[in-house]
Amino acid sequence: MALLEVRSIGVRFGGVHAVDGVSFSLHQGEILGLIGPNGAGKTTVFNTISGVRRPDAGTITFDGRQIDQLRPHQRARLGIARTFQNLLLFSDMTVLENLMVPVDAFSRRGVISDALRLPSSRYEEERAVERARAVLHFLGISGAATTRAGDLSVGLQRRVELGRALCLRPTLLLLDEPAAGLDARETAELAALLPRIRERFDLSMLLVDHDMALVMRVCDHIYVLDFGRIISEGAPQTVRDDPAVIRAYLGEQVA
Amino acid sequence: MILAVSWGLIPSYTVIGLVLGGVYAMAAIGLVLIFRVSGVLNFAHGAVAMFATFVAYQVSILWGLPGWIGLIAAMLAGSGIGLVIETGTMRPLTGRPPLTKVVVTIGWLLGLQTLAGLVWGANAYHRPVQLVSRSGFRVPLVHVVVGYDQLTTFVVALVLALATAALLRFTTLGTAMRAVADSPATARLWGINVNRVTAASWMAGSAMAAIAGVLITPLISFDTYSLTLIVIDAFTAALIGRLSSLPLTVLGGIGLGLAQTYPRAFISSAGVSELVTFILVLATLGLLFRPGSSRVRLA
Amino acid sequence: MTGDRLRRAVVALLVVVAVAAPAATSDYVRALSADAMWSGLLVLSMVVLTGFVGQISFCQYSFAAIGAFTVGSLVSGHHWSFWLAMPLGVAFAGLVGVLVGIPALRLSGLFLAILTVAVALFFDNYLLAPGTWNSFSGGLSPWQPGRPAFLGLGLSGEYAFYLFSLAVFLVCTLLVWDLRTGKVGRVLRAIRGSELAASTMGLNLTAWKLTAFGLSAAIAGLAGALSAVRIGSVSAPSYDFVHSISLAAVAIVMGAGSVGSAAAGGVFLVFGRYVLQQLSISSQYFNLIVGAGLVLQLVLTPQGLIPSMTQRLSTRFARRTDGLAAPVPAEGVNA
């Protein structure tokens, strides 16, 4: 059974069908890519999976559970984490604090024991710091731990956002344009990093991006969207050579 | 607590409600104008009205000049204060979050109210400016006496509403205001002097508040406190008008006035109109902010 | 870090001064000092709301009124012990705070502010007005609760009551500060940073925001309960809308994100008026000064007076690392 089952998702904005009848599956351990020209509906599909937007039609099943009506924090608790195209870091907090927030969210510490600084609270706090530091170390950004997140460069901020999502210990990681704003070198680093993350954290990924090099290199399987519908799928090589895909990106004349 | 329904009182309560509602509508239109053009919800709107009314009081009651001169003085004072607030304290804050600007208006509320209390006495009795005579005429079928002052107030409210609509529709300034309300950046690109238009909206809106203040003081208690609080009624009416529609705002104001007055015919409890206002505030805030609705996402 | 230790030393010194100084003054000043304590709690309640979830409330005195009137009606009207009435008042206030918070979940800061204004006026003109709920509001006559005894020691003496108020204030401030620098503070700052990101990180926005509202209202309720027995008379005009506005203005000027501003705010609220009186200036000018101060301050220093000052001190004492500018210690400055 697939880890994530998206069945006939439909999303309407007013009278427009931004997404119509989209179905796909993601299997455990896969890195799945979702691509398509601008306006194809990729981010909308993404938002329905992460909980930002409820689908108007269709169902989404995660690990056997139907999740399409759940709110974002409930999906996070089930093991779905995401990063944002527009980088929604907690800019006024340090990098370390940013990474500790997901751990805090699941922490069982009560408000009272926190206020009184009971030993159990302090212990949990230290564990949270440890976990955050471990992730920072893995991502190679330990030096930025005490820096205010908003002060970092885009490349580093993307790493922080990745790290924050990883601290959730997710089963499924949703990556919304993780290469946006990165130069060629940084993108190549990211392409090398993602499979390592999959391996180290034992998770699956759904990736949406415009950078073809990244997608082709990293993804096991790709779905192509155009005008809210899936027009092609398959291994990177297959999709790249598919006339339908080329037509969608470059227009009628080329095909 | 619940009196026997005194049906006979309904007509006179209707008159009172309509007049009150007209005043609320006037104040609300000014508030909405300022809000749409400058993006600031002016919590000091009632305080401005109050201060301007006291200026009228100073001119007409203390100095003995005719009532209409007092009214004009009030309008000048009101628009003057509005201008000062805009140029002095709002303009330096461009780019800051709207909540910051609103807090500034809170500062103005405190300042104006205290200042008025210091100059004219916070708890003293003040004779309101009576522009039109209290005497009235009898309306034939419903057996109610309508004072000329009441009638004038209501008519003025409607005239102002129409005048504002006309201003926005047919004049250059009005069009400029609508442009700025829509998008200040784009308006600037079209050569509109956004600063001047914003200042104009504050002046016009505050002048309307001044008129509302002068007209309402014969009807309610005239002190530094109550008039300042008219802002919440103006808010409510403005919210009913979804902070954008002029006709709905007028209807909202009138509806609020009636809703506050009618229950008095049945229930003798003191704060009933407050309860009604509170419920209406909740209702309009709730309706305006349905989950999923992205209307008025301004602050 | 020397900046941290300096701060601790300053706080300790201030506490010592706070305990000892009123011994050398009159009973009147001691009573005012006690007032400064519960006023400080009110500012603290605003710090929780503004500093944690970034909302402004103009009805904190209404929550205080709940605490005050609960104590007033139960202690004075039904002869309950203060020690039973007070927690009840605090809980009641907290509950109402949560209720007010519910519509607030959907409202942006601006419209929430309007809601709190409506709540304040609702309390003033309806709930606490004579005739609506006389068994709670006392109708036309104010409640007059007497001072309780604490562990056998009577608190009727002004100095004794002041020390008690000081202790309550310090404990609350410490608790809020602990929360702020720990998980709760992080969570709430995250919510302020980006609600969307926070919710995708697993935070239940509703639960946290309501908790913040409830906590803020409860602290205000506690302040009200203290005020009831400090003044010895509970009447509605003392907790009206103008008081709430004045409080909000002072809290914002002091920097409502900072726990330290609570003490400063409380002292300012009470002794500011006192100073004016001593100078033979009408205490009415106080609100005028506060209003003007608020407007000026917002244009000049957005964070408020206290955080700006501590920020300047901290950066002076913080060490520079790796040639980078000293990072603003996110927890240290805002404490």
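This report walks through a predicted model, looking at a sheet in chain A, a shared nonpolar core, and the two faces that chain C turns to its partners.

## A sheet in chain A

Let's start with chain A, which holds an open sheet of six strands. Read across, the order is β6-β7-β8-β3-β9-β10, and the pairing is mixed. At the edges stand β6 (80-83) and β10 (229-234) of chain A; each has a single partner strand, so one side of each is left without a neighbour in the sheet. On average, neighbouring strands here are turned by 20° against each other, direction ignored.

For a closer look at one edge, follow β6(A) to its partner, strand β7 (residues 172-176) of chain A: the two run parallel and are joined by four bridges. Within this pair, A:Ile80 stands opposite A:Leu172 in β7(A). At the other edge, helix α10 (residues 243-250) of chain A lies across β9 (221-226) and β10 of chain A. The helix runs at about 130° to β10(A).

## The largest nonpolar core

Next comes the interior. The largest nonpolar core has 286 residues, and those with the most contacts inside it are A:Leu207, B:Ala27, B:Phe51 and B:Ile211. Which helix gives the largest share of this core? That is α1 (residues 10-38) of chain B, with 18 residues. Chain A takes part too: domain 1 (1-79 + 171-255) and domain 2 (89-169) of chain A each supply at least three residues.

B:Ala27 is a good residue to find in the viewer. Leaving aside residues up to four places away in sequence, B:Ala27 touches B:His45, B:Ala49, B:Ala209, B:Ala212, B:Ile230 and B:Ala234.

## Where chain C meets chain A

Now turn to chain C. In its contact with chain A, 23 residues of chain C meet 35 residues of chain A. Three helices of chain C, α7 (158-181), α8 (183-193) and α9 (195-200), each supply at least two residues of this side. The most comes from α8(C), with seven residues. By class, this side of chain C has 12 nonpolar, seven polar and four charged residues.

## Where chain C meets chain B

The contact between chain C and chain B takes 35 residues from chain C and 37 residues from chain B. On the chain C side, the elements giving two or more residues are α5 (109-127), α11 (241-254) and α13 (285-300). Here α5(C) gives the most, with 12 residues. This side of chain C has 25 nonpolar, nine polar and one charged residues.

Terms used
Residues numbered from 1 in each chain as written. Chains lettered and ligands numbered in written order. Predicted model: local features only at pLDDT ≥ 70, side-chain atom pairs only at ≥ 80, totals over all residues. Contact = placed C-beta atoms within 7 Å. Nonpolar A, V, L, I, M, F, W, Y, C, P; charged D, E, K, R; others polar. Core = buried A, V, L, I, M, F, W, Y, C linked by C-beta atoms within 7 Å. Buried ≥ 20, exposed ≤ 12 C-beta atoms within 10 Å, placed from the backbone. Domains from an automatic or database assignment. Pairing = 2+ DSSP bridges. Axes fitted to C-alpha atoms, helices over the stretch in contact; angles between N-to-C directions.
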